[in-house]
Amino acid sequence: MTAVDSPYGLDVLAFGPHPDDVELFCGGFLARMVDLGYRTGIVDLTRGEKSSRGTPESRAAETEAASRVLGLSVRENLGLPDGWIDPWAGFEAPEAERSRTAPVARVVEVLRRLRPELVLVPWQQERHPDHEATSALVTRALFFASVRKFETEPPSASFTPRQVLYYPMRHLAEPSFVVDVSAAHERKMAAIRCYASQVEPRADGPQTLVGSPLSLTSLEARDRFYGARIGVSHGEPYVLRETLGLSDPLEHFRRNSFARPLFFPESR
C-alpha cells in the first residue's frame, strides 16, 4: 500500500481531559515524534473552565503557545463540560440527536476524520474523575469508530487506528514499555511552562497540586525515574491493554536495545 492510499491521516493523536494534561504526561513523546518527521495532534475534551486558576480565555492562549512549542499539526477542543465528562451521556436522546451531540459520537467523528495511526489515551486509573472518564469515553469511541453502522454527524466511514497506547498520569501503572524522550525533554518542559496560570507556584490564591512548588520537580523526577529503567536520562511510560506481537523479535531488539546495559553489565 502506498502513502497515497494509506488508511491513515494523522500519525499520532493524543486525547486529554483538560488543556495541559497531554503536555504534562506525554509531551515528550509528541515532541520526539515531531523530531522524527511525524504529524502529531492533541484533542482536549474540555476547556478547563472549572480550574481554580486562570480563565478559559487565558487557558486557550496558553494552549496555543504550548502547541507551537511542541510543533503540533492539529489541536482541537471538543468543549465538553469540565467536571461532567460522561462516557454514557446522550444515549437517552433520539438517534439523530445522539449522532450529533453524544460525547462518544463526537469523539468517534474526530477519530474518523483525523484517522490517526497511533492514539494516546489516559490510563484508566487516575485521581481526577475527569481523567478516568476520559479514558472510558475514548476507549468506547475507539470501539465504535470501527462499527460501520455507528452514526455520526456529519456521516463518516468506519476507522480503526493501528495501535492504542495508554499513558499513566498521577497513577503509577506498570508500563508495557518506556519511550526515550531525553532529546525532547527540554521542549516538553517549555510547553508545560506555557501554562503559567496552572503550574507557576503562588503564595496567594487557591493552592493546587499542579501549581505546588514541587510540581515541576516531581515531574522531572518521574521522567528521570522511568528513563533510568531503560538506561537514559528521561523516559515516559506507556501501557498496552492487549498483547503485543512481533514478527521479527531480533530486529526489534536491535533497534531498541535500551535494556541491555542494565541486565548484561560489562565483564569486570
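This passage goes through the salt bridges, two helix pairs and a surface patch of a predicted model.

Charged pairs come up first. Side chains of opposite charge can pair when their charged atoms come close. In this model the count of salt bridges comes to 13. One of them joins Glu-23 to Arg-75, with 2.7 Å between the closest N and O atoms. This pair bridges distant parts of the chain: Glu-23 belongs to helix H1 (residues 21–35), Arg-75 belongs to strand S3 (residues 74–80), and the two are 52 residues apart. The two partners also fall into separate burial classes. Glu-23 has a relative accessible area of 0%, so it is buried. Arg-75 comes out at 22% relative accessibility and therefore counts as partly exposed, given that buried means under 20%.

Next is the salt bridge between Arg-229 and Glu-174, where the closest N and O atoms are 2.8 Å apart. Arg-229 sits in helix H8 (residues 215–229), while Glu-174 sits in the loop between strand S5 (163–167) and strand S6 (177–180), so this contact ties together parts of the chain that are 55 residues apart in sequence. As for burial, Arg-229 has a relative accessible area of 36% and is therefore partly exposed. Glu-174, at 56% relative accessibility, counts as exposed, because the exposed class begins over 50%.

A further salt bridge brings together the side chains of Asp-223 and Arg-222, at 3.8 Å from N to O. That distance still qualifies, because the cut-off is within 4 Å. Here both residues are tucked away: Asp-223 counts as buried at 0% relative accessibility, and Arg-222 is buried too, with a relative accessible area of 10%. The pair doesn't stand alone, either. Through salt bridges that share partners, Lys-188, Arg-222, Asp-223 and Glu-236 are joined into one network.

Now for the helices. Helix H6 (residues 185–193) and H8 have axes that come within 12 Å of each other and cross at roughly 155°. That makes H6 and H8 roughly antiparallel, because angles over 145 degrees go into that class. As for handedness, H6 and H8 cross in a right-handed way.

Helix H4 (residues 103–114) and helix H5 (residues 129–144) make another packed pair, with axes 8 Å apart and an angle of about 60°. H4 and H5 are therefore oblique to each other; the angle misses the roughly perpendicular class because that one starts at 65 degrees. The crossing of H4 past H5 is right-handed. Within H4 there is Arg-106, which is partly exposed because its relative accessible area is 28%. Between Arg-106 and Leu-80 there are 9.8 Å in space, C-alpha to C-alpha, for a separation of 26 residues in sequence.

That leaves the surface. Leu-244, Leu-246 and Phe-253 make up a nonpolar patch there, and together they offer about 300 Å² of accessible area. Leu-246 is found in the loop between strand S7 (235–238) and helix H9 (249–255). With 38% relative accessibility, Leu-246 counts as partly exposed. This value still lets Leu-246 join the patch, because members need over 30% relative accessible area.

Note on methods: Residues numbered from 1 in each chain as written. Predicted model: local features only at pLDDT ≥ 70, side-chain atom pairs only at ≥ 80, totals over all residues. Heavy atoms only, no water. Patch = residues over 30% accessible without salt bridge, like charges linked within 9 Å, V, L, I, M, F, W, Y side chains within 5 Å. Areas by Shrake-Rupley, 256 points an atom, 1.4 Å probe, with all protein chains shown as cover. Helix = DSSP H or I, 4+ residues; strand = E, 2+ residues; numbered from the N terminus. Buried < 20%, exposed > 50% of the residue type's maximum accessible area, 1.4 Å probe, protein only. Axes fitted to C-alpha atoms, helices over the stretch in contact; angles between N-to-C directions. Parallel < 35°, antiparallel > 145°, perpendicular 65-115°, else oblique. Left-handed = near helix turned anticlockwise from the far one by under 90°.
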